Amino acid sequence: MRRFRLSLLVLAPLVGACGQSLKLAKDDSRVVLAHQALAAPNPASVGSFAVRTLTYGSGTDKQRHAFRDSVTIKTKSVDGSAFASPPPKTAKKREDFFGFDTKKMPVNGTVWYPDGAGPFPLVLIVHGNHTMDDFSDPGYTYLGELLASRGFILVSVDENFLNGDMRNENDARGWMLLQHLKAWRTFNDSVGPFQHKVDMGNIALMGHSRGGEAVAVAAALNRLKHYPDDANQTFDFGFAIKSLVAIAPVDGQYKPADTPTPLENVNYLVIHGSHDGDVSSFSGNRQWERVKFTDGGEWFKSAIYVYRANHGQWNTVWNNKDNGPRSDRFLDLRGLITPEEQRQFGKVIISAFLESTLKGKREYLPIFRDHRVIGDWLPKTMYITRFQDSRFRALADYQEDVDVESGSVRGVTIAGDSLATWKEAVVPMRWKNNDFGTNAVWIGWNNRIAGPDTTKVGRPASYAITIPDSLRTAWRVDERASLEFSLAPTNVKPGPRSPAKDSTKKGADSAKTKGRPPKKPDAKKAEPDTTPVDITIALVDASGVVARVPLSRYGAVRRPLETHVYRRASREESQFANQFEYVLQTYAIPVADFVKEQPSFDAKKIVSVRWIFDRLAAGTIILDDVGISSLDPAFLAVRADH
C-alpha cells in the first residue's frame, strides 16, 4: 500500500498530538503564479462531446458485478503465471476470494468514451498497489469523464487481483496493459460499439504508484520480441504507444534483466507530491533521467513536483490514506492541499499533456517548460519542474567522465573562478542510502574575504562552460536558440574565502597552478538561510561582449522545500537523510533575451556561458543538463514575464 507523509518552513507553528510542529515553507505562489500568458482554452474544461460509459471483462467476475452482470463486451482471460505468482501462504486465500489464479487473469476495464464517430486516441490508466478488496480502479472516474468529453477514449484498467501481498509483480502489471491493448485492437476491428472508432496510432498509458512504473515497463516490453527474464516467452505487441504519464511512481520494483527500465522515443510526464506518504521520495525522477530521444522525432519529457500534494489524493478511493486506514495516527496530514485542488492540478496537466502529444495541440507545450504561463489554472501552491525535448543538445550532463574540466562533447571545456566547492557527484534522494542515478556538478562560493574586516568582498565567483567554434557552427546556434539547464540551490553556505597570498614572500603559491583557487575544506551545513537566491547568467561572444540576465526572471530560484511525512520526528529521522528533496528546476533562457539586454552581442558567435555568483554573498547550487535547444514555434507564441 503506502507508507508516510509530510509538513513544511515556518509561518505559524502548530503542534500536533505527538508534539511535532507543522512547518510550512514560505509560499511564493501568489507572486510566481500571478501572471498568465497562455492564450489557449483551459485543458481542464469540459469538452464538447457527450460522454458514454461501459465495461468489458470476463462476465464471470466473483467480486465485481460490473465485470460480471454488466459487461458490454466479453473478453478472454490470459495466463500471467510467468510474470506473477502470489506468496504460497496466501495463494489459496486469494484464489478463493477472486475465483481465479494467475493462469486466468481477467481483462477487465471501465471505459469512458465520446459520443461521436471518431477515431479517438486511446488512453489506459492503471492503479497501483492497495488492499485487494478495496477496489482501486473506480478512483479515476474524474479523469475518464473529463478526457472523454474532450475526445479521448479512457479506460480504467482493473488489476486489483495483483494487489495486496504480491511482490515483484510490476512486469505483470505492465504485461497486462499490453493484453488490454490487444483486446482494443480486436474491438476496433470487430462489429461493436468501438468498430473503427479507435485511433490505434495514438495511444497513451497512464499509471499511479506501482502502476506508474508499470507503464514504463509496458512501453519497454512493447518493443521486444522476447521477455527479458525468460526468452521462451515471446511477444507480438508493437503498439503505437506515443505517451506515458506516471503519477507518483515507484522505480526499480521490477528491473528487466536486472537493468533499470530503459525508455526511448516516447513522450513522458511524471508528477509527484512533496507530501507523498508512500513513495516519499521523487522516484519517478530516476525514470525521467533514463528517457532518451534518439530517432529525430518530436518528443519531450516533463517532471513536476507539487508541494503539499500526497500520494493517494490522485485517486478518489485512496484519498489521504497513504499509510493505510490508520494513516492519521502516523502521518502528518495537516499541510496537504485539498483533494479537489490536487485532482484539479491532475486534470489540467494530464489533459494538456495528452492534447499536446496525441492530438498535436502544441499550444499547450509551453506549460511543461514554464508552468507560470497557466498561473490562473493551477492550485496556489509551489511547483518545481523539469523539461527537456528532442531538440536539446547537451554541453555538459556530467555523466561522461571524472574530469571536472571537460564537457559532454569533444572540445567543450569547463572552468571555475574563486569557487569554494567544485565537484561532480551523485544527486541524493531524501530516502537514506538512495540517489537519483545521475551526477551533477556541485558549486559553492563565498565572496567575502576572511579576516577582521567582515565587509570585505572579493571578485564574484563564477563557473563557465566554453563552446568551441566547430560545435557552435554545427549546432547552428543563433538568436532562435535557447540556453537550458537544471539547477537547485542548497542550504549549504561555505565559509569566507582565504585572503590572497603575497606572491613576493617565500612559500607563496606559484603562478603556474592552472589558475585555480586554493583547495578549501567542504562547506558545513548552516542554519536554514531564507535570503532570496539569484544568479547572473551571462553569454560571451567571440569579441568579448558580455550579455547578462538574472536567473530569477525565468522561474523561482528556491531553496529546498522542507517537508515532513510523519507525526513523530523520530520516525522521520530513521527514514530520511534530509527533510527535503533535491529537485532541480529547469530554466530555459532564449538567446534573443541576451541580445535584447545587450544589442551589440553577437548570438551567432557565442563562446562561453557563465554563472556569475554576484547576487548572493555565499551559497551552493547543484547544476545539471546544461545545453542548447532550438525553440519550438509553440514557445515563440507565449512569454511569461515576472
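What share of the 642 residues of the protein counts as buried? The figure is 58%. Bear in mind while reading that this is a predicted model. Here are my notes, going from the whole chain down to single residues.

1. **Overall build.** The protein has 13 helices and 27 strands. Its radius of gyration is 26 Å, close to the 26 Å the globule rule gives for 642 residues, so the protein is as compact as a globular protein of that length. If you want a feel for the dimensions, the C-alpha trace spans about 90 × 55 × 50 Å along the principal axes.

2. **Surface.** About 26,300 Å² of the protein is exposed. Carbon and sulfur atoms supply 50% of that area.

3. **The ten-stranded sheet.** Start here if you are finding your way around. This is an open sheet of 10 strands, ordered β4-β3-β5-β7-β6-β8-β11-β13-β15-β16, and the pairing is mixed. β4 (71-74) and β16 (383-389) stand at the edges with a single partner strand each, so one side of each has no neighbour in the sheet. On average, neighbouring strands are turned by 20° against each other, direction ignored.

4. **A parallel pair inside that sheet.** β6 and β8 run parallel and are joined by 7 bridges. To find the register by eye, look for L122, which stands opposite I203 in β8.

5. **Helices across the strands.** α3 (residues 141-149) lies across β3 (51-57), β5, β6, β7 and β8, and runs at about 30° to β5. α4 lies across β3, β4, β5, β6, β7, β8 and β11, and its angle to β8 is about 155°.

6. **Helix α5.** Is this helix mostly covered or mostly open? Mostly covered: 12 of the 12 residues of α5 are buried. The run goes from R210 to L221, and the buried residues include E213 as well as V215 and V217. Their cover includes strands β6 (120-126), β8 (198-208), β11 (241-247) and β12 (263-264), along with helices α4 (170-189) and α6 (284-290). As for its length, α5 (residues 210-221) reaches 16 Å from its first C-alpha to its last, close to the 16 Å expected at 1.5 Å a residue.

7. **The five-stranded sheet.** Further along the chain there is an open sheet of 5 strands with antiparallel pairing, in the order β18-β21-β26-β23-β24. Its edges are β18 (413-417) and β24 (546-550), each with a single partner strand, so one side of each is left without a neighbour in the sheet. The twist averages 20° from one strand to the next.

8. **Two pairs in the five-stranded sheet.** β21 (residues 461-466) pairs with β26 (residues 606-613) in the antiparallel sense over 6 bridges, and A461 has F613 as its bridge partner in β26. β23 (residues 536-541) and β24 also run antiparallel, joined by 5 bridges. There, I537 is partnered with V549. β23 and β24 form a hairpin with 4 residues between them, and G544 in the turn has a positive phi of about 90°.

9. **Backbone oddities.** Most residues other than glycine have a negative phi, and most peptide bonds are trans. Against that background, three places are worth a look. The peptide bond from G118 to P119 is cis, with omega near 0°; P119 is in the loop between β5 (109-114) and β6. N168 has a phi near 55° and is in the loop between β7 (153-157) and α4. A248 has a phi near 45° and is in the loop between β11 and β12.

10. **How covered are those two residues with positive phi?** N168 counts as exposed, because its relative accessibility is 56%. A248 is buried, with a relative accessible area of 0%.

11. **Two more loop residues.** T102 is in the loop between α2 (88-98) and β5. T102 counts as buried because its relative accessibility is 15%, under the 20% cut-off. Apart from its neighbours within four places in sequence, T102 is in contact with V78, D79, G80, S81, A84 and P86. S190 is in the loop between α4 and β8 and counts as partly exposed, at 30% relative accessibility. The C-alpha atom of S190 is separated by 34 Å from that of W314, 124 residues apart along the chain.

Methods. Residues are numbered from 1 along each chain as its sequence is written. This is a predicted model: local features need pLDDT of at least 70, side-chain atom pairs count only at pLDDT 80 or more; totals for chains, interfaces and linings use all residues. Side-chain values use heavy atoms; hydrogens and water are left out. The expected span of a helix is 1.5 Å times one less than its number of residues. Buried means under 20% relative accessible area, exposed over 50%, partly exposed in between (1.4 Å probe, protein chains only). Contact means heavy atoms within 4.5 Å. Two strands pair if DSSP finds at least two bridges between them. Axes are lines fitted to C-alpha atoms, for helices over the stretch in contact, and angles run from 0 to 180 degrees between N-to-C directions. The radius of gyration is taken over C-alpha atoms; the globule rule is 2.2 Å times the number of residues to the power 0.38. Accessible areas come from the Shrake-Rupley method with a 1.4 Å probe; for residues, only the protein chains shown count as cover.
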